[in-house]
Amino acid sequence: MTTEPAAGSPSPSAARLQAFDSLDRLSTVELRPPNLPGGHVARLYDAARGGGDPISRRIAVRLGELDRSRVAIFTGVVIPPHLPMAEIDGPIGAIVLGRSLAMLGHDVEVVVESCQVGPSQELVAQAGVDGVAVVDGALWTAHGARLGAAIAIEKISANRRGVRHSVLGTPIDAGDPATDRTFTELLARGVLTIGIGDAGNEIGFGSLQDEVAEILGRAAACRCGCPDGIVAATATELVLPAAISNLGAYGLAAALSLHLERAELGPTPELVSTLIEAAPRLGFLDGATLDPDFRGDDGVPLEALRAFVIIMGAIVDQSLRDMEARPF
Ligand SMILES: [Zn+2]
């Protein structure tokens with residue numbers, strides 16, 4: 001990962017860098033319920049960041065310099081019978097970040113599992129988001145119009161032995177296994193690849209496997225005895241660890257709005273509310289409660305998620321204010 005500012009992107013002021021840092025710190029605040037492993041996210045973030053600029057800024061700079069192109073956002077978990085169609089975490093962040101990228105003129109494709117195409121299209125329609133198409137992962141191809149970037153949000157990765165696992169170590173054989181290969185090929189071709197994850201078993205964390213294994217410790221073990229555990233083997237050029245993957249996507253959308261000084265690109269609490277209210281009615285389940293009547297994400301209630309998004313917006317607005325120096 002580069003720590004140098006990208007060409008054409010002037011170095012930000014220390015105050016502006018602090019704002020990106022605040023966005024990243026906010027999206028790594030854990031509120032997990034006790035049935036999910038916790039306590040690892042800040043260390044995963046530190047490992048991914050190394051000594052450089054806030055990760056959201058590095059990604060925003062790269063996304064901000066893209067010419068108009070296709071941007072593919074891969075997301076969607078399916079684990080029958082517990083998550084028979086989809087989990088809330090992932091698709092909602094993909095739509096929120098996809099909206100920001102579509103507003104920049106990119107042709108955004110949200111690439112999901114085959115069973116998730118119809119409900120995801122309905123989710124996009126109910127949110128009134130323009131410029132975001134939903135594509136069946138089994139049919140998606142990198143061929144065609146120039147692909148500017150591929151982003152994975154909460155997309156389960158294979159480990160070094162090719163086995164995908166839930167965060168609790170259960171092997172997963174449902175869903176399209178080709179996404180790992182897609183990211184490996186795109187990374188090798190030099191296409192910008194980005195991963196957002198919250199546990200270490202998602203596409204992106206393959207770039208820091210040893211660090212993830214050390215940070216997770218016993219939580220990296222799997223229940224199938226494969227015996228390589230849950231740590232992701234599939235790497236991306238840039239990886240953003242967050243407390244909830246969707247929260248990382250909201251933070252990245254906010255960072256993009258800050259970097260480009262266009263507040264309208266950021267996430268809004270209204271959009272997040274609309275999506276999280278609509279998703280369970282369409283079959284997307286909260287990954288912690290598995291309760292179709294719960295309104296939230298990874299067990300965190302919607303009211304708290306709205307508060308995160310409101311504060312993200314405030315961080316951006318405060319940083320973009322034009323103010324006279326205080327006279328004393
Ligand atoms: Zn295993």
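These questions and answers deal with the zinc site, the pockets and the cavities of a predicted model.

Q: What makes His165, Cys222, Cys224 and Cys226 the residues that coordinate the zinc ion?
A: Distance decides. A donor is an N, O or S atom within 2.8 Å of the metal. NE2 of His165 and the SG atoms of Cys222, Cys224 and Cys226 lie at 2.1 to 2.5 Å. Therefore these atoms count as donors.

Q: Why is the arrangement around the zinc ion called tetrahedral?
A: The angles between the four donor atoms run from 103 to 117 degrees. Four donors count as tetrahedral if all angles lie between 85 and 135 degrees. The angles here fall in that range, so the name applies. The ideal angle for four tetrahedral donors is 109.5 degrees.

Q: What spacing do the donors of the zinc ion follow along the chain?
A: The pattern is H-x56-C-x1-C-x1-C.

Q: Why is Cys226 called buried?
A: Its relative accessibility is 18%. Buried means under 20%, so Cys226 qualifies.

Q: Why does Cys224 count as partly exposed?
A: Its relative accessible area is 33%. Buried needs under 20% and exposed needs over 50%. Cys224 lies in between, so it is partly exposed.

Q: What is known of the largest pocket?
A: Its volume is about 530 Å³. Its lining has 25 residues, and Ile79, Leu83, Ser166, Val167 and Gly287 are the closest to its centre. By class, the lining holds 12 nonpolar, six polar and seven charged residues.

Q: Which element gives the most to the lining of the second largest pocket?
A: α6 does, with six residues. The pocket holds about 280 Å³ of space. Its lining has 21 residues, and Gly137, Trp140, Thr141, Ala178 and Thr182 lie nearest its centre. β3 (107-112) and α6 (179-189) are the elements that give two or more residues to this lining.

Q: What makes a space a cavity rather than a pocket?
A: In a cavity a 1.4 Å probe fits but cannot get out, whereas a pocket is open. The search of the whole structure finds two cavities of 30 Å³ or more. The largest cavity has about 90 Å³ of space. Gly76, Val77, Glu113, Ile156 and Arg164 lie nearest its centre, among 13 lining residues.

Q: How do you know that the lining of the second largest cavity has two charged residues?
A: Asp, Glu, Lys and Arg count as charged. The lining includes Arg32 and Asp198, along with Pro37, His40, Val167, Ala199, Leu216, Ala219 and Ile230. Arg32 and Asp198 are therefore the two charged residues.

Key:
Residues numbered from 1 in each chain as written. Predicted model: local features only at pLDDT ≥ 70, side-chain atom pairs only at ≥ 80, totals over all residues. Heavy atoms only, no water. Donors = N, O, S within 2.8 Å, 3.2 Å for Na, K, Ca; no water. Tetrahedral: all angles 85-135°; square planar, octahedral: opposite > 155°, others 65-115°. Buried < 20%, exposed > 50% of the residue type's maximum accessible area, 1.4 Å probe, protein only. 1 Å grid on protein atoms, 1.4 Å probe; cavity = no way out; pocket = protein on both sides within 12 Å on 5 of 7 lines; lining within 4 Å. Points joined across faces, edges and corners; volume = space filled by probe spheres on them. Helix = DSSP H or I, 4+ residues; strand = E, 2+ residues; numbered from the N terminus.
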